[in-house]
Amino acid sequence: MPKQEYLKLRAVLEEIDMSRSAFYRMRAKGQAPEMIPLPNGHLRCTRAALDAWWADRRLSAA
């Protein structure tokens, strides 16, 4: 079984080409990729969750 890849918020923002403030607005509306909060307050996103979010965006645009 392959190891799950966890992306830092910065990497997610770069991939989706979005500012941090715009991302947090989307997250407040429940429209951002699923993020995992860590005990230190940082956020991580699994590669699978980000890929699923991209797929959902493509289906919504079709």
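**Exercise 1. The crossing of α1 and α2**

Determine how α1 and α2 are oriented relative to each other in this predicted model, and state which residues of α1 and α2 meet.

*Solution.* Begin with the general description: two packed helices are characterised by the angle between their axes together with the distance between those axes. In this structure, the axes of α1 and α2 come within 10 Å and cross at roughly 95°. Angles of 65 to 115 degrees count as roughly perpendicular, and α1 and α2 are therefore roughly perpendicular to each other. The next step is to list the contact itself, in which L9, V12, L13 and I16 of α1 meet R20, F23 and Y24 of α2. Sorted by residue class, this contact of α1 with α2 comprises six nonpolar residues, no polar ones and one charged residue.

**Exercise 2. The sheet and the helices on it**

Work out the order of the strands in the sheet, and describe how α1 and α3 lie with respect to β1 and β3.

*Solution.* First place the elements along the chain: the protein has three helices and three strands, and from the N terminus on they run β-α-α-β-β-α. The three strands form an open sheet with the order β1-β3-β2 and antiparallel pairing. Its edge strands are β1 (6–8) and β2 (36–37), each of which pairs on one side only. Turning to the pairing of β1 with β3, these strands run antiparallel and are joined by three bridges; K8, for instance, has R44 in β3 as its bridge partner. Helix α3, residues 47–61, packs on the sheet and touches β1 and β3, its direction making about 70° with that of β3. As for α1, this helix lies across β1 and β3 and runs at about 85° to β1.

**Exercise 3. The largest pocket**

Identify the residues that line the largest pocket, and establish which elements supply at least two residues each.

*Solution.* The largest pocket has a volume of about 150 Å³, and its lining is made up of K8, L9, R10, R20, Y24, G41, H42, L43 and R44. Assigning these residues to elements shows that α1 (9–16), α2 (20–28) and β3 (43–46) each supply at least two residues of the lining. By class, the lining divides into three nonpolar, two polar and four charged residues. Comparing with the earlier exercises, L9, R20 and Y24 belong to this lining and also take part in the contact between α1 and α2, while the bridge partners K8 and R44 are likewise among the lining residues.

Conventions
Residues are numbered from 1 along each chain as its sequence is written. This is a predicted model: local features need pLDDT of at least 70, side-chain atom pairs count only at pLDDT 80 or more; totals for chains, interfaces and linings use all residues. Side-chain values use heavy atoms; hydrogens and water are left out. On a 1 Å grid over the protein atoms alone, a cavity is a set of points where a 1.4 Å probe fits but cannot get out, and a pocket is an open set with protein on both sides within 12 Å along at least five of seven lines; lining residues have an atom within 4 Å of a point. Grid points are joined across faces, edges and corners, and a volume is the space filled by probe spheres set on the points. Helices (H or I, at least four residues) and strands (E, at least two) are DSSP runs, numbered from the N terminus. Ala, Val, Leu, Ile, Met, Phe, Trp, Tyr, Cys and Pro count as nonpolar, Asp, Glu, Lys and Arg as charged, and the others, Gly among them, as polar. Two strands pair if DSSP finds at least two bridges between them. Contact means heavy atoms within 4.5 Å. Axes are lines fitted to C-alpha atoms, for helices over the stretch in contact, and angles run from 0 to 180 degrees between N-to-C directions. Angles under 35 degrees count as roughly parallel, over 145 as roughly antiparallel, 65 to 115 as roughly perpendicular and the rest as oblique.
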